[in-house]
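Colleague: I am new to reading protein models. Could you walk me through one, feature by feature?

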Amino acid sequence: MTADLRTSASEIPREISNTSQKENEVYLRVHLPNDNTTVLLVDATMAIWEILNVIAVKKELIPSQHNLHILFTDGREEAADPDRSLNSYSNVDRVKVLKKAPPSNQAKQSKVSLTAKRALVVTAPSSRQQNVRVTAQEFPKTVTDHRVLSQKIAATESSSDSASTKKKSSKSLSVIWFKRSNSELSVDEASAAPTSVPSNLTQSSDAGADSRSICTVDSEGSKSQLAAGDDESTSEQDRHMPLEGVSPSVDGRSMRSISFRMGSRESSLSTIDRASMDSPTRDQDERHRKRAVSATSSLHSGSVMKKSIYRNGRSRSNTDSIITVKQGEKLAGGEEEKFAIVFVTMPNFRSVTVKAPLECYMDDILDHVCEKNNMDYDRYTLKLNDPKKPPLEMDRQLSHYVNEQKITEFFMAPGQKLYRTQCISEGDKDVMILQVIQGKTQVMAGTAEKLIDRLTLEHDQDDGSFLDTIMLTFRSFMEPFDFFQQLFDRYNSVLPPDPTPEDIDYFNKMKVPTQMRVLAVVQWWAENHWHDFAMSSDLANALEDFVYLASENEKAEFKPKCEELLHLMDKQKREYEAKYSFYKTVEKKSKSIESMLLQLTPEELSQQLCLHNFKLFNNIHPIEFLHQIWRTDEEGTPYLNFFIERFDKEYYWVATEILSQKDLKKRITVLKTIILAAKGCQENNNFFSLFAIIAGLSITPISRLKKTWEGLPDKVKATHADLEKIIDPSRNMKNYKDALAAASPPIIPFLPIYLKDLTFINDGNPSNVEGMINFDKLRMMGNRVKDITSFAKVGYKFEPNPAIQNYVGKPPIEKKLAVLKEMSNECEK
């Protein structure tokens, strides 16, 4: 690098001049857009784009909105090539940051007009032949129990061949643990991974291996090995189970998944409490699908209740097993599991005793009683006599009331039947299924068009949970740009050719509210999921086009909303791009920091690890947890990738630090400090570092250091044993889950458990139900993501130490196992 880049010592600010200068680093004078100047210490080997990012981070600029020009010592000025390194230029005097010129109005108008050619044709509900009916069919509940899901996934694997997909290439140990099946490892990758890891995570194939050896990389295959046993007791075999990935084939795609084989039964997971009963038979399903009854539901504004089809000559196939019995009659031996005796009091106060299968619906029992007593089924419903209990729902199975509610007496009364499940159809096609759950109407399934309609065309239907869920999960069925185009189409809605008077009235009523709703959805998207716009320049440009178009709306209320959105966009660009660019720059240019572990106390080390890792965890966008399941590339998961790579660093860091000390006493001190730091992480709820450190202490090059381990004080040995118990995988990692349940934020969790939950829910439940998107499944996955991100709501209060932060951020690590073994042999023959 030419010397003319270096600023004279008198011009260098004091805080910079006191900084030690390393090889290839130069002081660079920078002219800023506000005519101020500054001096920065940069690496001359960095690309111009990277230098721009460094400037943007320090001066709160948006890199994509600026360019760098280079001023030479001879007075020349030229635009810098973003891909060239700074030291590739000669005779550089300084650089100038220039703001890019905004696109002309003509250019904007041409882009907007091109997009605006698409528009949604809006017709009145009556023109769409829209019908809303209630149905006694039970909606298939989303399964979250791991035992059931593993059985379903195993059945899928055995019945179909997994489609081959392009796999991510990575030699990261954490990818083996977090993401991929072991069968995806190449020979080189397998050799780079440790041959053994702590005994409480897996049993070494070598019978003579040290008891502290934890993990064996298994390349037997990728089939799920999750235990399906019901027994809570743990055998010795259960206590030593490998970390194995799963690659089930779902919808013809090979899905990456994160799975631990953890011994006995999975702990119970939170579920939507709907119907934990047997599924109806196919005949029952068909009968209930065809049944429609009169209703005056207020499902959503704009829907029309058409005349219902009554069940003339209806099938009695489901009532054949329901019989009327004498009062006082009891079930025969063995019938209690399949049948129940219930009592129905009719309007004339005469009681009827009925023997019915537990799997039948309440609607079937009413049907039977009306048939046997020559009563009009369409006039009556069943009710409960307890006003404190929720109203009786006719699409509940009898088992719900008999087994769960302990109710065996019901009352017939004139009135409208109450059903939980309501189906909206247009023409002959079902387009949405709704269900009342705990008094709230929730979307269970729908076509993509109708889900977006509910988001933009209908108002006051949800408490915000629908918006939250669909904006988090729509990427499972639609790309972000296509989703944005759908919103744009609804903003540009038009009347159909030859509209009816009803169409015109409906359009005039809905146009402005729909446009305002679209604007609100777009603003919510930009505020909560800027990740999409940051990862796609096309989508970001489309957003700018939309705001420009909306700001030209003749209604006065649009302009302040658009100004607010523009301010939000500028803020999000600055924060996101600067943050991501900073990480990319640091990862590329920075080198490992010289060890300072012997200078630190365990408390200092654990606290600084908590601060560093919490920042990485907090930066993970909620979308990334779902992207790692639904996408095969890594571009959509930048911060999750950073966090996963961090596991590798800490894993190899502890081994490198210990083996770097050839002196036995110093090596014992380092090992003691690391164990006590792991204890501090556990006490501060940094379970992520706890797992990484204990795993790193258990690889063969460390576990074989007999003199080093024997030199530890007994109290430290006991502490290490206690920490190993916490990460014990037996009984579905009960010890860890107990510790996690007892913890309060801030918390840095061990992610594989949650990623495994998401993968199993995704792979073990259908993506479509009767040709519609299974929105209940998406809601469940969204709730899991919220569980993960809730840990980051409260941060640590420790004071960051810049020097220690630099050290823990880029610690000295050696990832080659052969080198670690050689270092271990040098320490102890």
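Modeller: We will go from the whole chain to its sheets and then to its helix packing. Keep in mind that this is a predicted model.

Colleague: Let's begin with the whole chain. How many helices and strands are there in the protein chain?

Modeller: The protein chain has 29 helices and 18 strands.

Colleague: What percentage of the 829 residues count as buried?

Modeller: Of the 829 residues, 52% count as buried. Now look at contacts between residues at least 6 apart in sequence. Among these, 73% join residues at least 24 apart.

Colleague: Now the sheets. What holds the strands of a sheet together?

Modeller: Strands of a sheet pair through backbone hydrogen bonds, and the pairing is either parallel or antiparallel. Take an open sheet of five strands here, with the order E2-E1-E5-E3-E4. Its pairing is mixed.

Colleague: Which strands stand at the edges of that sheet?

Modeller: Strand E2 (37-43) and strand E4 (77-79) do. Each has a single partner strand, so one side of each is left without a neighbour in the sheet. From one strand to the next, the twist averages 35 degrees.

Colleague: How do E1 and E2 pair, and over how many bridges?

Modeller: Strand E1 (residues 25-31) pairs with E2 in the antiparallel sense, over seven bridges. To see one bridge, find glutamate 25: its partner in E2 is aspartate 43.

Colleague: What about E3? Is it buried or exposed?

Modeller: Six of the seven residues of E3 are buried, so E3 is largely enclosed by the rest of the structure.

Colleague: Which strands does E3 pair with?

Modeller: E3 pairs with E5 in the antiparallel sense over seven bridges. There, phenylalanine 72 has valine 92 of E5 as its bridge partner. E3 also runs antiparallel to E4, joined by three bridges. In that pair, leucine 71 is matched with glutamate 77 of E4.

Colleague: What lies between E3 and E4 along the chain?

Modeller: Four residues, and the two strands form a hairpin. Glycine 75 sits in the turn with a positive phi of about 95 degrees.

Colleague: Which helix lies across strands of this sheet?

Modeller: Helix H2 (residues 48-59) lies across E1, E2, strand E3 (66-72) and strand E5 (92-99). H2 runs at about 110 degrees to E3.

Colleague: Let me try a second sheet. What is the order of the strands in the sheet that holds E11?

Modeller: The order is E9-E11-E10-E13-E12, in an open sheet of five strands with mixed pairing. E9 and strand E12 (380-383) stand at the edges. Each has a single partner strand, so one side of each lacks a neighbour in the sheet. The twist in this sheet averages 35 degrees from one strand to the next.

Colleague: How many residues of strand E11 are buried?

Modeller: Six of the seven residues of E11 (residues 351-357) are buried, and the strand is mostly covered.

Colleague: Which residues stand opposite valine 354 in E11?

Modeller: Threonine 324 stands opposite valine 354. Valine 342 stands opposite valine 354 too. Threonine 324 brings us to strand E9 (residues 323-325), which is joined to E11 by three bridges and runs antiparallel. Valine 342 brings us to strand E10 (residues 339-345), which pairs with E11 in the antiparallel sense over seven bridges. Alanine 340 is also bridged to E11, with alanine 356 as its partner.

Colleague: How many residues lie between E10 and E11 in their hairpin?

Modeller: Five residues lie between them. In the turn, phenylalanine 349 has a positive phi of about 70 degrees.

Colleague: On to the helices. What describes two packed helices?

Modeller: The angle between their axes and the distance between the axes. Helix H20 (residues 664-683) and helix H21 (residues 687-696) pack at about 155 degrees, with axes 8 Å apart. They are therefore roughly antiparallel to each other. H20 passes H21 in a left-handed crossing.

Colleague: Which residues of H20 and H21 make the contact?

Modeller: On H20, they are Ile674, Ala678, Cys681 and Gln682. On H21, they are Ser689, Leu690, Ile693 and Ile694. By class, this contact of H20 with H21 has six nonpolar, two polar and no charged residues.

Colleague: At what angle do H17 and H28 cross?

Modeller: Helix H17 (residues 602-618) and helix H28 (residues 802-809) cross at roughly 70 degrees, and their axes come within 10 Å. That makes H17 roughly perpendicular to H28. Leu605, Gln608, Leu609, Leu611 and His612 in H17 meet Ile804, Gln805, Tyr807, Val808 and Gly809 in H28. The contact of H17 with H28 divides into six nonpolar, four polar and no charged residues.

Notes:
Residues are numbered from 1 along each chain as its sequence is written. This is a predicted model: local features need pLDDT of at least 70, side-chain atom pairs count only at pLDDT 80 or more; totals for chains, interfaces and linings use all residues. Side-chain values use heavy atoms; hydrogens and water are left out. Two strands pair if DSSP finds at least two bridges between them. Axes are lines fitted to C-alpha atoms, for helices over the stretch in contact, and angles run from 0 to 180 degrees between N-to-C directions. Contact means heavy atoms within 4.5 Å. Angles under 35 degrees count as roughly parallel, over 145 as roughly antiparallel, 65 to 115 as roughly perpendicular and the rest as oblique. A crossing is left-handed if the near helix is turned anticlockwise from the far one by less than a right angle, and right-handed if clockwise. Ala, Val, Leu, Ile, Met, Phe, Trp, Tyr, Cys and Pro count as nonpolar, Asp, Glu, Lys and Arg as charged, and the others, Gly among them, as polar. Buried means under 20% relative accessible area, exposed over 50%, partly exposed in between (1.4 Å probe, protein chains only).
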